[in-house]
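Modeller: Shall we walk through this one together, one question at a time? Have a look at it, and then ask away.

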There are 2 protein chains.
Amino acid sequence: MSSVKTKTDISEKISAMPLFKACGEDFLERLTAQAQLITLEKNQVLFVHEDESTRFFLITKGWIKLFRETFDGTQAVVDILTSGHLFGETSIFQSDKYPYSAEATERSEVISMPLSLLKTEIEANPKLALAMLSSMARYRRQQDQELEHRTIQNASQRIGCFLLRLTNQEEDGSVTIHLPYDKTLVASRLGMQPETFSRALGKLKNETGIEIKGATITMKSLDQLSSYSCAACSSDFPCKDLKVSASSGS
Amino acid sequence: MSSVKTKTDISEKISAMPLFKACGEDFLERLTAQAQLITLEKNQVLFVHEDESTRFFLITKGWIKLFRETFDGTQAVVDILTSGHLFGETSIFQSDKYPYSAEATERSEVISMPLSLLKTEIEANPKLALAMLSSMARYRRQQDQELEHRTIQNASQRIGCFLLRLTNQEEDGSVTIHLPYDKTLVASRLGMQPETFSRALGKLKNETGIEIKGATITMKSLDQLSSYSCAACSSDFPCKDLKVSASSGS
DNA sequence: TACTTGCCTTGACAATGGTCAATAAAAACT
DNA sequence: AGTTTTTATTGACCATTGTCAAGGCAAGTA
């Protein structure tokens, strides 16, 4: 029973993916047939960098951290993704190894699907290939921007930018947001140490007058923040790239 | 006469692109018919960030710097590409604006081709779409690695890594290389100031015993360098990603 | 309630990289 | 060859971020 219910559930979630809109019923059915729902405990590792890649994943609950780490354990966070995002799908091209490790940052659920099916469908279905290209192009721009920010924004500005991207940037008045995950994790996502994050957030508070209560942050207006952070960014506020519906992540 | 010769020349260069291997003669002919050879003087800007994108480019001579810059002129170098690389081609998807500015760092030549042709061909030719996906996936990994390096490598290590990637990493004995462009430019490519580059290169020399004469650098063995730089990298030496034939850049 | 654990903050200090200014060296020009 | 311009190096100093260690706070557990 539960398994049947689960399958229906999985099927719905797969079909809801914008990326698969262009795909026929039969493909979605085959995909669902081979899909598995995986529950990950906090800090559970799904796969590690250089593992043989045979499956890709769709997040349905929680947050997944993608990262790479050196021999001595130093790690660089590639991205932190949540529901509706895909990851591990790029291994189809060129290599059959995952380019990063994946770990749940809290209790999470992902749907695991075989890469082989995706691969043959991409080869057979030009619309899917195009959708995939489009999502990769979008991701690429995000990465370009990320690199830009690491180069020209300081810690406080990066935090400000991160906060702004959590808001509805059209909003006029006072806006309140909640950090989507631990401050420590936000810090690593932004490429800084937790201590630096803590101090830089304090500085941001002084300079822009935002209010901070734990993970809850209130900004009287977005103008103060955006003029502080976006001064060191090549793009205008509001961020255009946010208007595009989220689809493929990683 | 000269124009005929030029067209033949352009045609050959376009056909030689690995990306277009999967394309039929007719497409290549149409592309060539609408292609233009453009000569860029040193520091000449080809297009700027947010310009309407109508054409994409293949470099046939020189070096092109892709960069983004803030209102106050601070710039972040996205990439620096040379002969055989494509750029400006990602604008087909999602947006019709270039995501960066492009400038020649020395006298260079590029072949300019209409994006519209590429777009329709990608939609019609699954093999091209796949080749494109593959090249984007490769680029994406490069960017992931770039971001990783900015996070966990210091200036000297990044320079060491840059140098190693200019060598034939299979080589056993002494290796000599020439910097492909100005030190100032290498510095910006690696996200640091020229002064920092200069000092960090000096430090690298002390720590690994490389020899530096202007733009010529000699390393007695790659081991010293790789153990110095690759200690702060999640991937092994030699770098696997270099073995893939160069094709689409940007 | 007390205890434990994980997360966050703070202080003191070190390391790294950026800035500004002066100089040197190299390349391009006449 | 001599002049000019560009590129590279160096020193002195400052700003930012990282590191290590201690303490605080909050959520969950006994």
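Biologist: How do the residues of the surface near DNA strand D divide into nonpolar, polar and charged?

Modeller: First, please remember that this is a predicted model: local features need pLDDT of at least 70, side-chain atom pairs count only at pLDDT 80 or more, and totals for chains, interfaces and linings use all residues. Residues are numbered from 1 along each chain as its sequence is written, while chains are lettered from A and ligands numbered from 1 in the order in which they are written. "Near" means that the C-beta atom, placed from the backbone, lies within 6 Å of the strand, and we count Ala, Val, Leu, Ile, Met, Phe, Trp, Tyr, Cys and Pro as nonpolar, Asp, Glu, Lys and Arg as charged, and the others, Gly among them, as polar. For DNA strand D the split is four nonpolar, six polar and five charged.

Biologist: Which element gives the most to the surface near DNA strand D?

Modeller: Helices (H or I, at least four residues) and strands (E, at least two) are DSSP runs, numbered from the N terminus. Both chains take part here: helix 7 of chain A, helix 6 and helix 7 of chain B each supply at least two residues. With five residues, the biggest giver is helix 7 of chain B.

Biologist: And which residues come nearest to DNA strand C?

Modeller: There are 16 residues around DNA strand C. The surface there draws two or more residues from each of helix 6 (183-189) and helix 7 (194-208) of chain A and helix 7 (194-208) of chain B, and its largest share, five residues, is from helix 7 of chain A. Coming nearest are Lys183(A), Thr184(A), Ser198(A), Asn154(B) and Thr196(B).

Biologist: What kind of axis relates the two copies?

Modeller: Two copies of a chain are related by a rotation about an axis and a shift along it. Chain B superposes on chain A after a rotation of 180° with 0.0 Å of shift along its axis (RMSD 0.0 Å), with the fit made by least squares on the C-alpha atoms of residues with pLDDT of at least 70 in both. The copies are therefore related as by a two-fold rotation axis.

Biologist: Which element of chain B supplies the largest share of the side that touches chain A?

Modeller: Residues are in contact if their C-beta atoms, placed from the backbone, lie within 7 Å, and 40 residues of chain B contact 39 residues of chain A in this way. Strand 4, strand 5, helix 3 and helix 4 of chain B each bring at least two residues to that side. The largest share, 20 residues, comes from helix 4 of chain B.

Biologist: Why can we say that the copies meet through the same surface?

Modeller: The side of chain B that touches chain A has 20 nonpolar, ten polar and ten charged residues. The copies meet through the same surface because the share of interface residues of chain B that are also interface residues in chain A is 98%.

Biologist: Along strand 11 of chain A, which side chains point to the face where they are buried?

Modeller: Strands pair if DSSP finds at least two bridges between them, and strand 11 pairs in the antiparallel sense with strand 9 over four bridges. Thr216(A) in strand 11 stands opposite His178(A), and also opposite Lys213(A). Buried means that 20 or more other C-beta atoms lie within 10 Å of a residue's own, exposed 12 or fewer, and partly exposed in between, all with C-beta atoms placed from the backbone. The side chains alternate, with Thr216(A) and Thr218(A) on the face that is not buried, and on the buried face Ile217(A) and Met219(A).

Biologist: Which strands stand at the edges of the open sheet in chain B?

Modeller: Four strands of chain B form this sheet in the order 1-8-3-6, with antiparallel pairing. Each edge strand has a single partner strand, so one side of it is left without a neighbour in the sheet; these are strand 1 (36-40) and strand 6 (86-87).

Biologist: Is Met113(A) buried or exposed?

Modeller: Met113(A) sits in strand 8 of chain A. Beyond residues up to four places away in sequence, Met113(A) touches several residues, including Leu31(A), Phe56(A) and Leu118(A). With 24 other C-beta atoms within 10 Å, Met113(A) is buried.

Notes: Contact = placed C-beta atoms within 7 Å.
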